[in-house]
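Work through these exercises with the sequence and the structure open side by side. Try each task before you read its solution.

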Amino acid sequence: MRSGYLFAALVLLHVSGFLFPPETLAPLIASSVYLPLTLLKITGLPVYASGEAWGWASPSTFGWAAVIIIWGLAWWWVAKLATRGFRRRGASKEGADGIRG
């Protein structure tokens with residue numbers, strides 16, 4: 001369950017960039033959206049809406065869903081890897097009967 005908490009913290013960290021966009025992080029935040037979309041666009045998926053806004057193509061509904069899924073999977077993977085050692089270490093301290101000793 002620790003990975004669930006870490007996953008939630010990482011997602012909150014990622015979303016906070018959109019809620020409180022500091023000017024210095026704006027290029028990084030834009031890259032986190034447009035890099036996956038560009039890679040998906042190369043494969044022919046319809047990730048951009050038809051109209052442009054100030055020179056940038058807006059993500060389509062499918063594009064936003066793809067970005068959310070991609071980053072959700074990435075953060076889930078990071079959370080699982082980060083808590084992997086904790087889970088194994090805690091299990092090894094328990095005895096055969098499940099009681100820590």
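**Exercise 1. Classify Tyr48 by its accessibility, then find its aromatic partner.**

Solution. This is a predicted model, so every value below is computed from predicted coordinates.

Step 1. Take the relative accessible area of Tyr48, which is 22%. Buried requires under 20%, and exposed requires over 50%. Tyr48 is therefore partly exposed.

Step 2. Look for a ring partner. The structure holds three aromatic pairs. In one of them, Tyr48 pairs with Tyr34.

Step 3. Describe the geometry. A pair of aromatic rings is described by the distance of the centres and the angle of the planes. For Tyr34 and Tyr48, the centres are 6.1 Å apart and the planes make 20 degrees. Planes under 30 degrees apart count as stacked, and this pair is stacked.

Step 4. Place both rings. Tyr34 sits in helix H2 and Tyr48 in strand E1 (residues 48–53), so the pair ties together parts that are 14 residues apart in sequence.

Step 5. Classify the partner. Tyr34 has 18% relative accessibility, so it counts as buried.

**Exercise 2. Describe the pair formed by Trp71 and Trp75.**

Solution. Step 1. Read the geometry: 6.0 Å centre to centre, with 35 degrees between the planes. This pair is tilted.

Step 2. Compare positions in sequence. Trp71 and Trp75 are four residues apart in helix H3, so about one helical turn separates them.

Step 3. Check the accessibility of each. Trp71 has a relative accessible area of 25%, so it is partly exposed. Trp75 is at 18%, so it counts as buried.

**Exercise 3. Identify the residues of the largest nonpolar core and the elements that supply them.**

Solution. Step 1. List the members. The core has seven residues: Val33, Tyr34, Leu37, Leu40, Val47, Ala66 and Val67.

Step 2. Assign elements. Helix H2 (26–42) and helix H3 (61–92) each give two or more residues to this core. H2 gives the most, with four residues.

Step 3. Examine one member. Beyond four places in sequence, Val47 touches Leu37, Leu40, Lys41, Ser58, Pro59, Ser60, Phe62 and Gly63. Two of these partners, Leu37 and Leu40, are listed in the core too.

**Exercise 4. Are Ser32 and Thr83 buried or exposed, and what do they touch?**

Solution. Step 1. Start with Ser32, in helix H2. Its relative accessible area is 11%, so Ser32 is buried.

Step 2. List its contacts. Leaving out residues up to four places away, Ser32 touches His14, Val67 and Trp71. Val67 is a member of the nonpolar core, and Trp71 belongs to the tilted pair.

Step 3. Turn to Thr83, in helix H3. At 9% relative accessibility, Thr83 counts as buried.

Step 4. List its contacts in turn. Apart from neighbours within four places, Thr83 is in contact with Arg2, Ser3 and Leu6.

**Exercise 5. How many residues separate Tyr5 from Ala79, and Phe86 from Ser3, along the chain and how far apart are they in space?**

Solution. Step 1. Locate Tyr5 in helix H1 (residues 2–19). With a relative accessible area of 58%, Tyr5 is exposed.

Step 2. Read its separation from Ala79. The two are 74 residues apart in sequence and 8.4 Å apart in space, C-alpha to C-alpha.

Step 3. Locate Phe86 in helix H3. At 40% relative accessibility, Phe86 counts as partly exposed.

Step 4. Read its separation from Ser3. Phe86 and Ser3 are 83 residues apart along the chain, and their C-alpha atoms are separated by 9.8 Å.

**Exercise 6. Summarise the whole chain, then judge the confidence of the model.**

Solution. Step 1. Count elements: three helices and two strands. Along the sequence they follow the pattern α-α-β-β-α.

Step 2. Gauge burial and surface. Buried residues make up 20% of the 101 residues. The chain exposes about 7,600 Å², and carbon and sulfur atoms supply 71% of that area.

Step 3. Look at contact range. Take the contacts with a separation of 6 or more: residues 24 or more positions apart account for 48% of them.

Step 4. Check confidence. The chain averages a pLDDT of 80, and 79% of the residues score at least 70. Among the elements, H2 has the highest mean pLDDT (88) and E1 the lowest (74). Where pLDDT is low, the predicted coordinates should not be read in detail.

Key:
Residues numbered from 1 in each chain as written. Predicted model: local features only at pLDDT ≥ 70, side-chain atom pairs only at ≥ 80, totals over all residues. Heavy atoms only, no water. Core = buried A, V, L, I, M, F, W, Y, C linked by side-chain atoms within 4.5 Å. Buried < 20%, exposed > 50% of the residue type's maximum accessible area, 1.4 Å probe, protein only. Contact = heavy atoms within 4.5 Å. Phe/Tyr/Trp six-rings, centres within 6.5 Å; stacked < 30°, edge-to-face > 60°. Areas by Shrake-Rupley, 256 points an atom, 1.4 Å probe, with all protein chains shown as cover. pLDDT = per-residue confidence, 0-100.
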